[in-house]
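Here is a short report on one protein chain. It starts in the sheet, moves out to the whole fold, and ends with selected residues.

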Amino acid sequence: MRFDNQVIAVTGGAQGLGFAIVEQFIEEGAQVTIIDIDQKAIDQALHSLSSDSVDSICSDVTDAAQVNEIISTIKEKHGRIDVLVNNAGIIRDNVIWKMPEEDYDSVMKVNLKGPWLMCREVAPIMRSQNSGRIVNIASRSWLGNVGQSNYSASKGGLVSMTRVLALELGKNNITVNAVAPGLIDTPMTRSLDPEVYKMLEQSNPCKKAGKPADIAHTVAFLSSDEAGFINGQVIHVDGGKSIGASVQ
Ligand SMILES: NC(=O)c1ccc[n+]([C@@H]2O[C@H](COP(=O)([O-])OP(=O)(O)OC[C@H]3O[C@@H](n4cnc5c(N)ncnc54)[C@H](O)[C@@H]3O)[C@@H](O)[C@H]2O)c1
């Protein structure tokens with residue numbers, strides 16, 4: 001198994017893409033910690049996984065003191081951290097002339113500051129191990145999307161941060177990459193107006209939404225030995241939505 005006994009932390013791991021990523025790593029032998037702000041969702045996730053290979057920490061990734069605590073707890077328990085997946089993220093969509101300042105701030109905090117805080121805590125541990133993998137969940141929207149000036153900027157920032165950390169940490173045998181999903185069927189996207197969801201599916205070259213497992217497979221590949229020379233890249237997993245200006 002590719003991740004036998006590896007210690008893996010997944011933020012936002014209680015539902016949606018994060019949950020699928022957690023499932024994938026457990027299937028492949030890892031010891032996984034779910035980090036999520038929603039205790040109810042954590043309880044449901046632990047119940048449905050029903051595995052000795054998973055534990056959880058209910059915390060907010062935007063709070064520096066809590067992030068310090070998260071990483072020390074994992075390090076104390078397992079002695080190392082092999083893979084960090086920064087997946088927690090939120091949307092607060094609106095055109096800029098209707099977007100409240102707090103919706104800009106909250107999206108930037110969760111989607112960009114959260115991963116930065118997590119990476120800052122994990123980097124010294126991975127450097128001292130001389131090994132590690134970081135996978136950041138960006139979005140196809142980093143290319144630009146109407147109604148997402150906050151979200152696209154946060155994910156564009158996350159892509160830039162991925163590239164910087166790849167440069168800073170590569171010499172320590174640590175790779176840092178990003179996955180940019182298109183529309184995937186999760187609680188986040190199901191919170192959209194059903195008509196908007198249908199329109200988004202139809203605007204995809206594959207005429208459908210992706211499944212959480214599509215993202216989990218890509219994250220697992222980037223975290224595996226096979227991907228050891230892939231560093232600082234963004235992999236779009238979006239049915240081809242990012243490759244053209246117009247779709248028939
Ligand atoms: N679903 C999609 O179509 C899609 C597309 C592109 C990118 N993404 C990205 O994938 C990631 C996961 O999305 P999803 O659709 O599974 O979302 P989701 O809302 O279903 O799940 C997100 C999880 O993150 C947790 N979370 C939110 N804020 C947190 C915080 N401050 N600290 C800790 N945990 C927090 C939530 O409790 C939730 O469990 C996000 O970064 C999102 O931007 C999703």
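## Strand 6 and its neighbours

Strand 5 (residues 132–137) and strand 6 run parallel, joined by six bridges. The model is a predicted one. One pairing fixes the register: Asn136 has Ala178 in strand 6 as its bridge partner. Between the two strands the chain passes through helix 5 (residues 149–169), and this β-α-β crossover is right-handed.

Strand 7 (residues 234–237) also pairs with strand 6. Four bridges join the two, and they run parallel. Here Pro181 has Val237 in strand 7 as its bridge partner.

How well covered is strand 6 (residues 174–181)? Mostly covered: eight of its eight residues are buried. Ile174, Val176, Ala178 and Ala180 point one way from the strand. Thr175, Asn177, Val179 and Pro181 point the other way. Both sets are buried.

## The whole chain

The protein chain has eight helices and seven strands. Its radius of gyration is 17 Å, close to the 18 Å that the globule rule gives for 248 residues, so the chain is as compact as a globular protein of that length. The C-alpha trace spans about 50 × 40 × 35 Å along its principal axes.

Buried residues account for 50% of the 248 residues. Among contacts with a separation of 6 or more, 70% are between residues 24 or more positions apart. The exposed area of the chain is about 11,800 Å², and carbon and sulfur atoms supply 52% of it.

## Salt bridges

How many salt bridges does the structure hold? There are six. Three of them are listed here, with the distance between the closest N and O atoms.

| Basic residue | Acidic residue | Closest N and O atoms |
|---|---|---|
| Arg2 | Glu28 | 2.7 Å |
| Arg2 | Glu226 | 3.9 Å |
| Arg190 | Asp185 | 2.8 Å |

Shared partners join Arg2, Glu28 and Glu226 into one network.

Start with Arg2 and Glu28, whose closest N and O atoms are 2.7 Å apart. Arg2 sits in the segment before strand 1 (7–11), and Glu28 in the loop between helix 1 (16–27) and strand 2 (31–36), so the pair ties together parts 26 residues apart in sequence. Arg2 is partly exposed, with a relative accessible area of 32%. Glu28 counts as buried, at 12% relative accessibility.

Arg2 also forms a salt bridge with Glu226, at 3.9 Å between the closest N and O atoms. Glu226 lies in the loop between helix 8 (212–223) and strand 7, and Arg2 in the segment before strand 1, so this pair ties together parts that are 224 residues apart in sequence. Glu226 counts as exposed, at 53% relative accessibility.

In the salt bridge between Arg190 and Asp185, the closest N and O atoms are 2.8 Å apart. Arg190 is partly exposed, with a relative accessible area of 48%. Asp185 counts as partly exposed too, at 32% relative accessibility.

## Two buried residues

Where does Arg140 lie? Arg140 is in the loop between strand 5 and helix 5. It is buried, with a relative accessible area of 14%. Arg140 and Ala180 are 40 residues apart along the chain, yet their C-alpha atoms are separated by 4.9 Å. Ala180 is one of the residues in contact with Arg140, once neighbours within four places in sequence are left aside. On that basis the other contacts of Arg140 are Asn145, Pro181, Gly182, His236, Asp238, Lys241 and Ser242. Ala180 and Pro181 also figure among the buried residues of strand 6.

Val54 lies in strand 3 (residues 54–58). Val54 is buried, with a relative accessible area of 10%. Which residues are in contact with Val54, leaving aside its neighbours within four places in sequence? They are Val22, Ile26, Gln31, Val32, Ile34, Leu46 and Leu49. Gly16 is 38 residues from Val54 along the chain, and the C-alpha atoms of the two are separated by 17 Å.

Note on methods: Residues numbered from 1 in each chain as written. Predicted model: local features only at pLDDT ≥ 70, side-chain atom pairs only at ≥ 80, totals over all residues. Heavy atoms only, no water. Buried < 20%, exposed > 50% of the residue type's maximum accessible area, 1.4 Å probe, protein only. Pairing = 2+ DSSP bridges. Right-handed = clockwise from strand over helix to strand, strands pointing away. Rg over C-alpha atoms; globule rule 2.2 N^0.38 Å. Contact = heavy atoms within 4.5 Å. Areas by Shrake-Rupley, 256 points an atom, 1.4 Å probe, with all protein chains shown as cover. Salt bridge = Lys/Arg side-chain N within 4 Å of Asp/Glu carboxyl O.
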